[in-house]
Amino acid sequence: SGRASGLRSPQGSRRERRSVPRRTHDIMNLILISGPGGATGERDLIGIPRFFGVATGWIRRLRQATGGGPMQRAAASLEEADRSHRAGDPAGAVRQGDAAVAVLRKLVASGVWSAERPLSRALRQQSGYLAAVARHAEAVAAAEEAVVLARGDSSRARPLAVALAGLAIRLLAAGRAAEGLATAREVAAVGGQPQKAVARALTDLSDALAEAGEPEAAVEPSERAVAMWRSLGAEPEIGAALTGHADRLAALGRWADAVAYAAEAVEHHRAAAASPVSAEAERKLALVLTSYAVTLNRVGREQEALAAEAEAAALRGR
């Protein structure tokens, strides 16, 4: 998959690296094995700017587990980067992210291999900040470095799948479509069990491919994301994933398939709006119903389309 497929960690095998206290090693694994946000599923900043999500969960765990020293300074810088981003200061986010990455790189270079996973995640986050300020070449470079580190973590598939998806998104945003498509295909080849972080990464990748004018390529990651969310039984993510996949299918003119997924999405959103009753959930249901009405019209089911639009209008009027 282009440049990324040949990248390998320059640090050598872990047996050759400086050992760290066993307790620190175990703590770092506990923090990172749980994935983005642990049980809460807070997402990485791997997507294009509108997909920026909560990053503070894993950073907070990093600070709590490592105490003082360089790792603590890196965590503090990452928290500042997140705050700057949320405050509408993208330059500040990049500056703080750079500081964190520099500290973590130095630790990895000195043989502290427990810093590799935090560095990989920090690089993915920094890649998002760089892309947000249109520094696409640097964003790609950061994403590529994250892939290098993820390839060295052979114990789990999740870091590699998420890092590759992030790199594909960055390449597409940088106008390097052929490399982005090749890297997206590599994401599809990564195995592993369904996980929330991977499902979110696949959704982001599908959206990025669609926005880059690659509707056919966008279908596969979207379909995989739906399958993962179904396997995980996660709400409300499954409803959003179904809606997105219906959109991907509609873009290819596969209206009959799109209707089936849109109908399932409506049922998930309807359940979310009913228990407990939520104005935001009702707003989302109205949007999904409107989209469903369009797909129903395209397959000649006009009466059902009218009923769906009437339901959407009633929700909007509340």
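Okay, let's start with a pair of helices: α11 passes α12 in a left-handed crossing. Before I go on, a reminder that what you have in front of you is a predicted model.

So, that pair. Helix α11 covers residues 237–251 and helix α12 covers residues 255–274, and they pack with their axes 8 Å apart at an angle of about 160 degrees. Anything over 145 degrees counts as roughly antiparallel, and α11 and α12 are therefore roughly antiparallel to each other. If you want to find the contact on your screen, look on the α11 side for residues including I238, L242, H245 and L249, and on the α12 side for residues including W255, Y261, H268 and H269. There are some small residues in that contact as well, among them G239, A240 and A246 of α11 and A258, A262 and A265 of α12.

Stay in that area for a moment and pick out V299. You'll find V299 in the loop between α13, residues 279–298, and α14, residues 302–316. Who does V299 touch, leaving aside its neighbours within four places in sequence? The answer is W255, A256 and V259. V299 also has R254 at 9.9 Å, C-alpha to C-alpha, though 45 residues separate the two in sequence. Buried or exposed, then, for V299? Neither one: V299 counts as partly exposed because its relative accessibility is 31%.

Let me zoom out to the whole chain. We have 14 helices and zero strands, so if you read the elements from the N terminus on, you get α every time. The chain has 318 residues, and 50% of them count as buried. And if you take contacts between residues at least 6 apart in sequence, 62% of those join residues at least 24 apart.

Now, the cores. In soluble globular proteins, nonpolar side chains tend to be buried together. Here the largest nonpolar core has 60 residues, and the ones touching the most other members are L205, L209, L289 and Y292. Which helix gives the largest share of this core? That's α7, residues 158–173, with 11 residues. Click on L209 and, beyond its neighbours within four places in sequence, you'll see contacts with L172, L181, A184, E214, A217, A218 and P221. There's also a second, separate core, of 24 residues, and A74, V103, V108 and A131 are among its members.

A74 is a good way into that second core. A74 sits in helix α3, and it counts as buried because its relative accessibility is 0%. Not counting residues up to four places away in sequence, A74 touches A100, V103 and L104. The C-alpha of A74 is also 9.2 Å from that of A122, which is 48 residues away along the chain.

On to the helices around there. Helix α3 is residues 70–86, so 17 residues, and from first C-alpha to last it reaches 25 Å, close to the expected 24 Å. Its buried residues include M71, A75 and L78, but also E79 and D82. Just after α3 comes G88, with a positive phi of about 80 degrees.

Helix α4, residues 90–109, has 20 residues and spans 28 Å, close to the 28 Å expected. Among its buried residues are G92, V94, G97, V101 and L107, and what covers the buried residues of α4 includes α3 and α5. After α4 there's another positive phi, near 100 degrees, at G111.

How do α3 and α5 sit relative to each other? Their axes come within 12 Å and cross at roughly 25 degrees. That makes α3 roughly parallel to α5, and the crossing is left-handed. The contact is made by L78, A81, D82 and H85 of α3 with A122, Q125 and Y129 of α5.

Last one, and it's an oddball. Most residues other than glycine have a negative phi. But A134, not a glycine, has a positive phi of about 65 degrees. A134 is in the loop between α5, residues 116–132, and α6, residues 136–151. It counts as exposed because its relative accessibility is 53%. That's what I have, thanks.

Methods: Residues numbered from 1 in each chain as written. Predicted model: local features only at pLDDT ≥ 70, side-chain atom pairs only at ≥ 80, totals over all residues. Heavy atoms only, no water. Core = buried A, V, L, I, M, F, W, Y, C linked by side-chain atoms within 4.5 Å. Buried < 20%, exposed > 50% of the residue type's maximum accessible area, 1.4 Å probe, protein only. Helix = DSSP H or I, 4+ residues; strand = E, 2+ residues; numbered from the N terminus. Contact = heavy atoms within 4.5 Å. Expected span 1.5 Å × (residues − 1). Axes fitted to C-alpha atoms, helices over the stretch in contact; angles between N-to-C directions. Parallel < 35°, antiparallel > 145°, perpendicular 65-115°, else oblique. Left-handed = near helix turned anticlockwise from the far one by under 90°.
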